[in-house]
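I opened this notebook page to look up two things, the charged side-chain pairs and the arrangement of one sheet. The entries are in the order in which I went through them.

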Amino acid sequence: MIVPAQARVVVIGGGVIGCSVAYHLAHMGWTDVVLLERDRLTSGTTWHAAGLIVTFGSTSETSTEMRKYTRDLYARLEAETGQHTGLRQCGFIEVAGDADRLEEYRRVAAFNRHCGVDVHEISPRQIKDLFPLARVDDLLAGFYVAGDGRADPVGVTMALAKGARQLGVTILEGVPCTGVTRRRGAVTGVTTPAGEIAAEYVVNCAGIWARQLGARAGVTIPLQAAEHYYLITERIPELSSSWPVLEDPASYGYFREEVGGLMIGLFEPVCAPWSVAGVPDEFSFGEIQPDWDRMAPYIETAMQRVPIALTTGVRKLFCGPESFTPDLQPCVGEAPELRNYFVAAGLNSIGILTGGGLGRVVAHWIVNGRPDVDVTGFHVDRLHGYQTTPEYRRTRTVESLGMVYKCHYPGYVMQTARGARRSPIHDRLVARNAFFRDVSGWEGADWYAPPGVEPAASLTWGRPSWFPYWAAEHRAARDAAIVMDMSFMAKFLVEGADAGPVLDWVSANRVDGPSGTITYTQWLDAAGKLQADLTVAKLDDERFWVVASDTAHRHALTWLRRQIGDRRAFVADLTSAYGQLNVQGPRSRELLQSVTSADLSDAAFPFRGVRDIDIGFAQVRCIRITYLGELGYELYIPTEQTAHVYDRIVAAGEQFGLVHAGLKALASLRMEKAYRDYGHDIDNTDSVLEAGLGFAVDLDKPGGFLGRDAVIAQKAAGPLPRRLVQVLLRDPEPLMFHAEIVRCDDRPCGYLRAASYGHTLGGAVGLAMIEASAVPGGAIVQRAIDAARWDVEIAGRRHPATVSLRPLFDPDNRKIKG
Ligand SMILES: Cc1cc2nc3c(=O)[nH]c(=O)nc-3n(C[C@H](O)[C@H](O)[C@H](O)COP(=O)(O)OP(=O)(O)OC[C@H]3O[C@@H](n4cnc5c(N)ncnc54)[C@H](O)[C@@H]3O)c2cc1C
């Protein structure tokens, strides 16, 4: 086999994802593409997929768009390529058998409808009419999309490959990629047994092999193969292939016709990772020996939904490997370790039904240099090296497959692979009765139970048992003082003669001002879209302290390093070197003053000041800043002295009403003040003006900044097309979490990107991106907002709301607006 000497892009892997990436690159005009497939197309996981095509079910806008796009693409692919795709739009029904599922699906359905999915709530009787063999007496409702259904995964992949070939893509089967070549931090090509191919871009679409292939290039892709099952019964004459696919997560199964029998697909709650040591190179069109004993109870439960299966013979119990990731989101995007090396893998059992959309997103990203959808939730740079260890993968994967079918309660925390990263005061917080959740692998204190009460999660769509404890922490921050362990925050020291100029170029705000000052800023790309939202503290002329959230850790670090290029500046990641305690609240100054000899008066230590202060035996970097809207301080303490400083603060705190507060309080306090959180309520598709952060942009600073032209252009273009607003429910009872639909004068105009409960404001509060076209007058200004009638739809019911451009809670004068 002779391979071409060069190509613009080499795609590795001929499953549905690799073929989709190649197809979309070609359709975007990049036809100088080589796809390498180790064996034959579809020989990995794709060949044995069940081929469900489903647009209902996600509260991510990106995922829903990818699902819709995929279905529409598969619907036209056959006409374009002449290749049969087997798409059958026979419909899809998701059933709810208890009140909590019904609540979840009503919330999801409202969001999906807003995104253009034609989903209808139907009765058990209607379910029976559509799928007569189903047992429905214990069901409450179904959620039906008539245009969804199933496709032939091999047909779809072959059609994508044919479409790519027709436009000039070279597809080579039987040619494995053995490694990559690189130069100065960027990939320059691939190696194969038949020779090297020089390339500008390489895309790892190697499915269950992607982690191993990535590791050879030093790229972190912590996915793991797991056993994944479906059973096919003998022929059932009563069954029709025209019936919709039926899915019942509570029974662990989905059901559809397959060659005259019933296919029962399974997502068991406790699953089995497969081949943790590594996937064999020669595994092709492979099957895994099924574990009947493990699966039998789940199969039996599933069969009760379609009882005829209990008395029908089994033709085949099929088990194949599929890749799962630590958080059930795929691994997508440019690797932080290697420029121009892209990843598109870790599909968590929805690679067929999202594959078309994902291929489009990745191709767009490569061709245009940036994605056109929110990728904060699935960017490969959110993941960390420790997640690739065999023990981590083995442990977490047991939980991840089953997560697909769990009721997605707002307070759910992953149970497995816990304790991987702990703050230096973790044991002290355990003693304080903290309830912990997984915060990018760290044990993050979420809330604290009072003495004698077990800190246990309560899974509910209503008020959890810990609601009053949370409220007390929140109030303590407004009335007295709180201490929060924030050691998981990402902390970088940027040093060098060019550190100031580089950071000033990267930041939209002016950060290279007076030493001893912290600045809140965004980092923008050339299109003026947000890439990071963080603080930069200037320690002295050549040293800066940059702090970003845990989820943005590697993204911010990579972004900065790439902007520095050859300039004289160096970034050190000091996240592990420093613990972080935030002491916040109106009495925080008094408290801290009682444990330090430093002068904390307003004159000596004003807002936005950065000082080194003493606390006990420790020298602490103290920054006067708040993310809660109160007087407050962030303390950065050498890791080995964090416990010592914590003990001093807690001992002194009693007389100032100090309360331990967790991440739930952080969320509710910051939401009342409408402080943004990157990756939750703002993302890479938002401009800084749309995010309502224009106040943090310095258009006049000397030398400008990256993205400045785009900001100026958007300002000049007139009213913004959309804008982030704060939304407060008038009724104190209902709760909002994410994805609830906002209406302006009865017109849907956006959804809650993130929400919490405002214990001071007295109602659920969140941030929503609102389309200007839905607001009277077409401009999102407070006058127009005040003149309109607003409500929020929660699980089918509408609740009146107050909407504001300015924070509804104003801590400066302790007055609540609205
Ligand atoms: C039982 C089962 C049922 C499923 N049902 C559904 C469903 O109903 N709907 C749905 O959406 N999804 C379903 N899935 C999931 C779906 O099959 C996968 O998400 C999807 O096929 C993944 O595609 P991929 O291209 O990432 O991986 P693969 O199909 O595995 O493709 C990766 C390719 O890379 C090649 N490769 C690996 N290493 C190299 C190398 N070094 N050089 C060159 N080539 C290499 C492999 O040979 C392979 O062909 C199911 C999965 C299973 C196991």
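What follows are my entries on salt bridges, and after them those on the sheet.

**Entry 1, the model.** I note at the outset that I am working from a predicted model, and that I found 53 salt bridges in the structure.

**Entry 2, Glu121 and Arg106.** I looked up the pair formed by Glu121 and Arg106, whose closest N and O atoms are 2.7 Å apart in a salt bridge. The two residues come from distant parts of the chain, since Glu121 belongs to strand E5 (residues 119-122) and Arg106 to helix H3 (residues 99-114), with their positions 15 residues apart. I then checked how accessible each partner is: Glu121 is partly exposed at a relative accessible area of 35%, and Arg106 is likewise partly exposed, with 31%.

**Entry 3, Glu590 and Arg587.** Here I recorded a salt bridge between the side chains of Glu590 and Arg587, with an N to O distance of 3.1 Å. Glu590 counts as partly exposed, at 38% relative accessibility, and Arg587 also falls in the partly exposed class, at 29%.

**Entry 4, Asp681 and Arg670.** Asp681 forms a salt bridge with Arg670, and I read 2.7 Å for the closest N and O atoms. This pair, too, links distant parts of the chain: Arg670 sits in helix H16, while Asp681 lies in the loop between helix H16 (663-672) and helix H17 (708-716), 11 residues away. Are these two partners buried or exposed? I found both Asp681 and Arg670 to be buried, which means that each has under 20% relative accessible area.

**Entry 5, a network.** I also noted a network of salt bridges that links Arg88, Arg150, Arg256, Glu257 and Glu258.

**Entry 6, the sheet.** Turning to the strands, I traced an open sheet of 6 strands with mixed pairing, in the order E28-E29-E30-E27-E21-E31. Its edges are strand E28 (610-615) and strand E31 (658-660), each of which pairs on one side only. Direction ignored, neighbouring strands of this sheet are turned against each other by 30 degrees on average.

**Entry 7, details of the sheet.** At one edge I followed E28 and its partner, strand E29 (residues 618-624), which pair in the antiparallel sense over 6 bridges; within the pairing, Asp612 stands opposite Arg621 in E29. I finally looked up helix H11 (residues 467-479), which lies across strand E21 (481-485) and E31 and runs at about 120 degrees to E21.

Methods:
Residues numbered from 1 in each chain as written. Predicted model: local features only at pLDDT ≥ 70, side-chain atom pairs only at ≥ 80, totals over all residues. Heavy atoms only, no water. Helix = DSSP H or I, 4+ residues; strand = E, 2+ residues; numbered from the N terminus. Buried < 20%, exposed > 50% of the residue type's maximum accessible area, 1.4 Å probe, protein only. Pairing = 2+ DSSP bridges. Axes fitted to C-alpha atoms, helices over the stretch in contact; angles between N-to-C directions. Contact = heavy atoms within 4.5 Å.
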